[in-house]
Every structure is written in structure tokens, then in C-alpha cells.
Amino acid sequence: MENKFNNISDKMFTLLKEGEYLTLSFSSENTQFIRFSQSKIRQTGLVDDATLELELIFDNRTCGEAFTLSGDTEADIQKSQVVLDTLRSEVVQLPEDPYIVLPENNGSSCDIHAGSLLSVEDAADALTPAMQGVDLAGIFASGKIYRGNANSLGQKHWFSTETFSLDYSLITEDEKMVKATFAGSKWNQSEYESFMAASIKRLEFMKREAIKVEPGEYRTYIASPGVRDILDMFSWNGLSEASIQQGQSSFGRMRNEKYNLSPCFSLNEDFRSGSVPRFNDNGEVSPDVLNLVNSGQLENTLINSRTAKEYNVISNNAGGGEGIRAPYMAAGELPEADVLKKIGTGLYLGNLHYLNWSDCIGGRITGMTRYACFWVENGEIIAPIQNMRFDDSFYNFFGENLEAVSNKVEFNPEVGTYESRSLGGTHCPGVLLSSFSLTL
Amino acid sequence: MINKDICSYSSMFPKEYTELRVQENRSNGVALLNGDVVSNGKSTASGVSARIFKDGHWGFASNPNISDDAVESVIRSSTDNVRFLNKRDTSRCGIMLPETFSNFEKDFTSQKQKNSQKHWIDFLKSLDDYIVSKHPKITSRTVVIRSLDMEKSLLTATGSTSYSMTPRAHLMISLSADRDGQPVELGEAHGGLGQLEDNFDNPELYFSSIDQQVAHLLNKVDGVYAEAGEKEVILDAELAGILAHEAIGHTTEADLVMGGSVAGDYMGQQVASSLVSLIDFANNVNDVTCPVPVYVDDEGTQSEDVTIIENGVLKNFMHNKDSARHFESTPTGNARAFSFSDEPLIRMRNTAIMPGNDKLEEMISSVEDGYYLMKPGNGQADSTSEFMFAVNLGYEIKNGKLGKALMDTTISGVAFDMLKSVDMVSDDMTWVSSGMCGKKQPMPVGMGGPAIRCKVNIGGR
């Protein structure tokens, strides 16, 4: 795959005329999908897909076009030439872009993460036995994902990874659910079976009659998948420098009013796990680790080159939307085994759902409790709770109400398949809160 | 442009039931932020896919190459997939899909000459210049034009053939004004079915709409926070439409019913006020084409309207072939795939609550203390019919009169409960189609209807 990309890009760069800059972005996947319903395989599929995007810059003007690659290198080069000619005819008609970021050559990289995946033939037999006896609905995706970026100044980046994910819900007879995702890059059959067994065990708790919790403040533990949902919000009017500059960010108070979060809370962008490429669409490479919030204090925001130019700040090579591409929240000291004991009486929230800003500037997030959420008394799970809405500010729950952070950082993979299989995910622990606000 | 006629490939079909789809999606987008072009790009995604059914299992494969070899390859791979599953699991042996047959061709390609990117940038600049010159209180402007052409050719083993080119094009204008140093935003979308050339001609046609948008925005700058709790509200068409789609429509997609959606228990029951009838329209309402017309779905079934709720009673689910077999019902033509590499899923087309007999003005004047909620923001709902949506534009209603504008707020609840509280429905109908529905794949959909009076939980400060 890398050779195909190199062949196309090398050829295209030889065709450029004076004053033209060309950046090529490549995205491809080779994925096996297996869809489960009632713990049986209903469909298997194989998807081969590759897309190339050309961005032409000429005379401080830019335009781009993306198209599906056929896999026939000669045909794809021909198609690329047609697209380049189209872009040439268009770019001269466009207005100048005052904040244009010209390509540079800051070196090249090749980042290949080999996995150990189930073969297409073996996947069904490996997956199905562990899920027998329960009602499981879900989707298994496994295969290779590729990203490439090259520009006409000679900079070239390549990233490939091999990953799998089984994203599933276990469903009780009265339709309560446990939701979980087993994911990674190296398949381990016994780990999978243990993981599934733990989900099935949690399903047993869901069979108990659900308790209705009244609105109010509760001592609460939010498990890692729920924390992931909260951290996801920080990519949306959160840690983006442009968003802060435009007064739209929930982190504006930390920048402008010197608010701090709890010393227990640290959040980085950390690419060291290799789950996503370090290079962005411009081919700029982010640092391995960027401290965003360190022990409760805002240290860095995400700044892309365009924002840097517009607001006269220094870029840290963030992506186009200045979202967090590789979120990593630091572990604390609360042993996982002690979580229920430390809750004492209160809530264990396994998953959150439907998060939205209810007051972005104030950092207030609303959403639902969902799936494996339990009422805990005297350190023991009593029963699942009926779904409740929460509405609270992260300035509270990651601030003075953050009592402890669990000592285990879990990886919560992105399992989206919108237009193509998603990369990456969120590394985070669970959090113990002295108070969390349920509203309706 | 793809081949309209792919019938010659039928000779490659195996003995199992087979669907072959060739598809190309073409998109175009230009965005101006405060007068500067910040985004200008096109994309094309094209390829071929095959799906094969035998004994209760499906095999699927796709390839980004549109060629005889690629067609042969995807048919072979999907055949291998389904035969592999058949060997492993014989418990579904003998399950057959209902047969459907349809031949249809519908091409909405514009007859007008295609405009250049420069033309569209100039179009956006005209709008932006107008905002700058006419509305000095606006502190930030984003003006975006976006289009998507979905072109599909389909051939099935039962002889169904279809070709469709279904475009949509939208203009989005998002404006900000300042409130105590913080931006207050309001967006507006225009457009629908058609290519850019069909939908957008003279920028001056949008000036009065921009004036209205600015007036609402400036009202919002002086707005108040909603009072939290259950309130009597008028949900305008956009909000009622998104609620009908997200919170009710999805629960009645038969694949989600099979997955445990709450609607599975409600068939034949009164799930809403008798004033509420909810229909997923296939392609037209009273001979007027819907924003996202579907004539033949991606399984080769002729698309039919689905009356989901009639006078408050849950009547039907939306089906593909497999779910129709499961529920001993009839396929409704709701199987749709976004991209060539996507399998068809049960998706809505144009979902709307049917208009009633009330006048919007009378509905507003009937509310003593409540809210008139006009524009939705982000939100979600799921198979429990629980929903939560942001509300980006709304007004107080005090003693039957509109009061102050609201700052952004949220509404939430259980849709089937909320619909039981509907006691007035306006006599007009508005379609909205600028968003994408998400269900593992994006998908253009239409949603709409009248305004409704109901009770709903509203978020406060």
C-alpha cells in the first residue's frame, strides 16, 4: 500500500509547475466486519477502500479534491493528473487566503504498527463460543488501516496499524443492557474470554429490578468508558486555541479567570501508544506528548498552524479542528478493587450517554446515565438504576468534587464506521466524585 | 457519472440471492469565515459492492474499482462469505427473503450549466458583504455552501434494476454577536433537493432571511435563561421534525425493534395523542417531491410510505427484506446505504408529523406561561425514545404573547410520553433536510411537519 502511495505521489510531484505546492493525503482500510445478533453471526463482509486527497496551493490560494482510488496505480495516476488539472484551472480564480499555511519539509516518518489479528477464516470460531448463553448484538471489525501524507517539498509520512474491535451489547430478557468494547491490536483468546465473562457477570446485576434515583447530588464513581465520553466533549469548544480566542471554549475560564481543576486531574495528548498518526492533514508532526492540563492547571491548548498565524501564537501542530487526537488522562491511586468500598453509598456509573454542553462557557455538561449504572450501598452493588439525566460542570466534578482517580488507565477505542473505520481512542481511568448532580 | 445499466453483470451472479450496486458520491463545499475562504474542496467516493443472502446469512464485499474484474471480485468474496457462514450455522437453513421486483430510473441532475468554484465563492462573498454592510453588530460570520450528489445503479437477482441520481445542496449561515464579551450564535440553513445550480441563484433572495436571522440573534443577545422543569411549549416544525425522526422514527426501524427498541412492545397501542399521525414518506407528499426522494431502495424494493403512527396508535415499522420476513410483514423500501462500501440498513427517508387544524398564532396565544421553541441544535435519541436536544432559538410565552428570547437551552424526555401530551397541532408543514442522520453510516434524510403544543422538560441555567 505504501508503495502505491509513493508511486502516485512521486509521479504527481514531477508534474508541478513553478509556484505550485501540492500536498497528498492518503487514507485506506482493509477490514473484515462480522455482525452479530442474538449471539449468532448474521453477516460477514470485507471492505477494501482507499481515498486520495490532493491539495494544490498556488499564489496564496488553495483548493482540494478527494477521490476513491481504484487500486490500479496507472489508472490512479491518470485520475490524479485529471484532478490536478482541474485544481489548476480553479485555483487561479480564487481569492487569496490571508492565513494560508504553506507546506514545509520538516522531515519524514514511517510508523508501522504490526498487529496479530484473527484471520478472516478463524474469526467466527474464535468469537462465538464465549458469547453463547446470552443475547449479544454487536459488530466485530478487524484489519489494517493506513494513512499517508506527502508534499512537493519532499516531506513524507506513513502510518499503518492493525487493530480489531468487538463492540457489543448484552441484553437481558427485559431489555436492560451491558455495553462493552473489546479492542486491541494483538488478539489474545483468553483475554477475550475473560473480558466477555466479566460482561456476562455484570449482566447478572442488570437482571435485578432497577431502582429509581431521585434528582440530587450523589457520591459517584464514573468508570473509564464514562470518563471517555466526558473527555470527548473537550474536543468540541474545549481545548482548541481558536475556540478560546473566539470566546467559545469551556476552558476560557481556566485561561482568562485562572480557574484550576483538581490536582488529581491531568490530561495529555499522548501519541506513544501508536493508535493514531502523529502527523496532521498538513503533514505536520505533533510532539509525542503534549501536557494539556497538568495537575489541574491549564498548560497548553491545541494550536494548529492556521490558528497560530491568525492569532499570533505558536503552533503545536494540532489537527484541523484542534480536537484531541490521542487523549490520555493520567491514572491516580485508587485501586480498582477498592472502588465499591470507596463509594460506600452512592452511584457506580459504567457508561454515560448523549452528552451535550448545557452551558459551554460554564463547563456544564448534560447527558444520561445508561447501561451498567448501579446503586451502591455500604460498598456493595444493590441494583441497577433507572436512566437519569445528569447536569454538572466539569469545574465541579473534575474540580473540588474529584476525590480520587483510579490507578488503571483503560483504552476506549473509537469504533465509528462513518465513511471509514475510525482510528484511535481514549486512554483514561475512572473517577470518584464526592458529589455529582443528577437532575431529571 | 456511473453506468446506468449494469444488467450485463447478472451472468456473474451465483445461485444465491444477490444484489450488485455501483455507486458514486460527489460532494463539494466552500466555507467563508469572516470573509476569508477557509475551506474549498470536492470529493468523490465511488466503487462497487455485492451482497448475497442464503439460509439466513448475508455476505458482503466492496471494491473501490468500478470494472468487470472488481464486480467479479466482490461477487466472489461475498459468495465465499455467505457460504462460509452457511457451513458453520445450519440453524437458519431454508430461510428465504421476500421477493420484490422494481425497475425505475430517476435522475435529478440539473439541466443548468455547472458553475465554477469561483462562482460559488463570489456568491458567498455577496452574502458576507451584505451582512457586513447591513449588520454592524455581527461579530463573526460563517457562510458555507455544500452539496452532495448520490448516484446509484442497482441490480438484484430477482430482476430489480434501478438508477438514481439524488442531489442535495445547502447554504448555511452562522452568525455571532457579543453579549458581555461572550459570543452568542445563531445558524440558519437553506436549500434541499437539487444541485447547487438549481437551489441557489441570486444571493439577494437571501437578504431578507439574513435580516430575520440577525433580528433573532440580537433578541437572543438580550435573552434570558429558560426556567428549568416541565413546561408547556410550542415546538416549531424544525424541533418537532427532529424529535419525530430521532426519538420516534429510529425506535420504529425494524432492525432496532429486533435489537430491543421500546417500540417493539407498543405495536397497536396508543403511543401518542390522537392528534398525532407520523409518516415516513418515500418520495412525495400530495404530489410534491420530498427533500430526499427514494423510489427504489438499495435492495430493489419499490419504496412505499410508512404510516408509523396513525391518530396516536403505533401502526407500522419500517422494513427491509430481512426484517419484513422476520415480522411477517412487507418490505417498505427503507433499505439504504450511504456509500458503495456500506451495506444497506433500515433508514428513514422523509419523516413528518402530519399537520392538524390549529393556527400557530392561536397556539401561541393559548399558552399562559411557557416557551415557543424554534430551532434545534445538537442532540440525540435512542431506542428507548429518550431524547435530549439543544434549543438554539426560542422565546418566552407569557399570557399568550411572545416575550424575551431564550439563551441556548436543552429539552429532554421520553418521546412516547411527550407525544401523549400533544394537544394542538398547526395546519402548516415545513421540511428540513440540511443535516445527516447517523446510524453507523451518515445518510441524508428529510424531516418536518407542523408545530405542536406539548409538555416537555426544559433545561434551565
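This report describes the domains, the chain contact and selected strands and helices of a predicted two-chain model.

Local features are given only where pLDDT is at least 70, side-chain atom pairs count only at pLDDT 80 or more, and totals for chains, interfaces and linings use all residues. Residues are numbered from 1 along each chain as its sequence is written, and chains are lettered from A and ligands numbered from 1 in the order in which they are written.

## Domains

Domain bounds come from an automatic or database domain assignment. Contact is counted between two residues whose C-beta atoms, placed from the backbone, lie within 7 Å. Helices (H or I, at least four residues) and strands (E, at least two) are DSSP runs, numbered from the N terminus.

Chain A is split into domain 1 (2-203) and domain 2 (216-438), with 25 Å between their C-alpha centres. The contact between them involves 31 residues of domain 1 of chain A and 23 residues of domain 2 of chain A. On the domain 1 side, at least two residues each come from strands E1 (20-37), E4 (109-113), E5 (135-151), E6 (156-171) and E7 (177-184) of chain A.

Chain B is assigned domain 1 (7-221) and domain 2 (229-458); their C-alpha centres are 21 Å apart. Here 37 residues of domain 1 of chain B and 28 residues of domain 2 of chain B take part in the contact. Elements supplying at least two residues each to the domain 1 side include strand E1 (17-33), strand E2 (36-54) and helix H4 (207-221) of chain B.

## Contact between the chains

Across the chain boundary, 51 residues of chain A are in contact with 52 residues of chain B. Strands E2 (40-58), E3 (61-68), E13 (346-359), E14 (364-377) and E16 (389-393) of chain A give two or more residues each to the chain A side. E2(A) provides the largest share, twelve residues.

The table gives the composition of three contact sides by class. Ala, Val, Leu, Ile, Met, Phe, Trp, Tyr, Cys and Pro count as nonpolar, Asp, Glu, Lys and Arg as charged, and the others, Gly among them, as polar.

| Contact side | Nonpolar | Polar | Charged |
|---|---|---|---|
| Chain A, touching chain B | 20 residues | 19 residues | twelve residues |
| Domain 1 of chain A, touching domain 2 of chain A | nine residues | 14 residues | eight residues |
| Domain 1 of chain B, touching domain 2 of chain B | twelve residues | 19 residues | six residues |

Strands pair if DSSP finds at least two bridges between them. E3(A) and E2(B) pair in the parallel sense over four bridges, and Phe67(A) stands opposite Thr44(B) in E2(B).

Ala61(B) belongs to strand E3 of chain B. A residue is buried if 20 or more other C-beta atoms lie within 10 Å of its own, exposed if 12 or fewer, and partly exposed in between, with C-beta atoms placed from the backbone. Ala61(B) is buried because 25 other C-beta atoms lie within 10 Å. Leaving out residues up to four places away in sequence, the residues that Ala61(B) touches include Gly45(A) and Leu46(A) of chain A and Ser49(B) and Ala50(B) of chain B.

## Strands of chain A

E1(A) runs antiparallel to E2(A), joined by 18 bridges, and Ser27(A) has Thr51(A) in E2(A) as its bridge partner. Two residues lie between the strands of this hairpin, in which Gln38(A) takes a positive phi near 50°. E1(A) is also antiparallel to E5(A), with 14 bridges; Ile34(A) is partnered there by Phe140(A).

## Two helices

Helix H2 (residues 73-91) of chain A has 19 residues and an end-to-end C-alpha distance of 26 Å, which agrees with the 27 Å expected at 1.5 Å a residue (1.5 Å times one less than the number of residues). Its buried residues are Asp76(A), Ser80(A), Val83(A), Leu87(A), Glu90(A) and Val91(A). They line one face of H2(A), because they fall within an arc of 85° seen down its axis (the arc of the directions from the helix axis to the C-beta atoms). The face turned away carries the exposed residues Glu74(A), Val82(A), Asp85(A) and Ser89(A). The buried residues of H2(A) pack against helix H1 (2-14), E2 and E3 of chain A together with helix H2 (117-134) of chain B.

H4(B) has 15 residues and reaches 21 Å from its first C-alpha to its last, close to the expected 21 Å. Ile210(B), Gln213(B), His216(B), Leu217(B) and Lys220(B) are its buried residues. These fall within an arc of 125° seen down the axis of H4(B), so they line one face of the helix. Exposed residues Ser208(B), Gln212(B) and Ala215(B) sit on the face turned away from the buried side of H4(B). The packing partners of the buried residues of H4(B) are H2, E6, E7, strand E18 (386-398) and strand E19 (401-405) of chain B.
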